[in-house]
Amino acid sequence: MPPSREPDGPDGPHGRQGTRGSQGSQPCLLTRHSGGVTTLVLHNPAKRNAMTEAMWRELPGLLAGLSDDSSVRVLVVTGAEGTFCAGADIATLRDSVESSQSLAVAAEEALSTFPKPTLAAVRGHCVGGGAQLAAACDLRFAAQDALFGVTPAKLGIVYPPSSTRRLVRLVGPATAKYLLFSGELIDADRALRTGLVDEVHPGEGLDARVSAFASTLVERSQLTQAAAKEFSADKPTDASRTEHWRRVAAESGEAAEGAAAFLERRAPRFRWAP
């Protein structure tokens, strides 16, 4: 599923959708669907997929719609034409840093709390707001040519506290400070060593690996995935939620199906859905 290719099909829930580009002719957020995997493509190639205010504003609603769609099992986030996202559109920052940052944080949080597994497939530049979006995904797979940077120090911007904490959880305090203090870019190998990404692949092999891994996630128990996302969130787990998931697990029959499938040497048929 090449990141630079537009989705097939007519406009609608299984074709193109999202914000319009500056010329009004091309959506800036595209989706395509295949076998339970939905790919969200950031599409502003004239500016290396930089996020405009319209794109930030549109993203939470788009994610809410995908969240409610039972056919969506896994979400892949990527960028068009060989780059992930070069950050926020500087022109919008010049007009209002506070407004743009508020919209970016809302979009980032919507992605972070998306209830299904999310995977960033990163090529080229993943900088600033692009790095925020990638960090908000559950996992990050990168091509060897990927470059990562957190660049508010180049613009005199205070990085949002929620984004800072998320970065620290991923890479640790020292690397987070290195990135935030300097604004320097790091390559994919260093990003892998520091925990910013989970896997690095040759550019020509990234699509196949992302597709295969996403297909694996589709085959797994949604019950396990949903509970794991909630328990791994950056907030205390309330006792009532622990009891909720214990009850749901007991009533779902997922564990019995998993054990039966293992003993019968067949693929499990997990049926629980959120």
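## Where the model is unsure

Let's start at the beginning of the chain: over residues 1-16, pLDDT (the predictor's confidence in each residue, from 0 to 100) stays under 50. For that stretch the model has 47 contacts (heavy atoms within 4.5 Å) beyond four places in sequence. Residues 20-24 also stay under 50 in pLDDT, and there the model has 8 contacts beyond four places in sequence. Where pLDDT is low, the predicted coordinates should not be read in detail.

Across the protein, pLDDT averages 89, and 88% of the residues score at least 70. This is a predicted model, with local features needing pLDDT of at least 70, side-chain atom pairs counting only at pLDDT 80 or more, and totals for chains, interfaces and linings using all residues. Residues are numbered from 1 along each chain as its sequence is written, and side-chain values use heavy atoms, leaving out hydrogens and water.

## The six-strand sheet

Six strands form an open sheet in the order β1-β2-β3-β4-β6-β9, and their pairing is mixed. Strands here are DSSP runs of E with at least two residues, helices are runs of H or I with at least four, and both are numbered from the N terminus; two strands pair if DSSP finds at least two bridges between them. At the edges sit β1 (29-34) and β9 (199-201), each pairing on one side only. From one strand to the next, the twist averages 20°.

Inside this sheet, β3 (residues 74-79) and β4 (residues 118-122) run parallel and are joined by 3 bridges. Valine 77 has alanine 120 in β4 as its bridge partner. Helix α8 (residues 203-219) lies across β2 (37-42), β3, β4, β6 (139-143) and β9, and runs at about 160° to β6. Angles go from 0 to 180 degrees between N-to-C directions, with axes fitted to C-alpha atoms, for helices over the stretch in contact.

## The three-strand sheet

There's another open sheet, made of 3 strands in the order β5-β7-β8, again with mixed pairing. Its edge strands are β5 (125-127) and β8 (186-187), and each of them pairs on one side only.

β7 (residues 147-149) pairs with β8 in the antiparallel sense, over 2 bridges. One residue to look for is leucine 147, whose bridge partner in β8 is aspartate 187. Helix α4 (residues 129-136) lies across β5 and β7, at about 90° to β5.

## Two helix pairs

Helices α5 (residues 161-171) and α6 (residues 173-182) pack at about 125°, their axes 7 Å apart. That makes α5 oblique to α6; under 35 degrees counts as roughly parallel, over 145 as roughly antiparallel, 65 to 115 as roughly perpendicular and the rest as oblique. On the α5 side, Thr164, Leu167, Val168 and Val171 meet Pro173, Thr175, Ala176, Leu179 and Leu180 of α6. These contact residues divide into 7 nonpolar, 2 polar and no charged (Ala, Val, Leu, Ile, Met, Phe, Trp, Tyr, Cys and Pro are nonpolar, Asp, Glu, Lys and Arg charged, the others, Gly among them, polar).

Further along, the axes of α9 (residues 222-231) and α10 (residues 239-252) come within 11 Å and cross at roughly 175°. The two helices are therefore roughly antiparallel to each other. Leu223, Ala226, Ala227, Glu230 and Phe231 of α9 make the contact with α10 residues including Arg241, Trp245 and Val248. That contact has 7 nonpolar, 2 polar and 2 charged residues.
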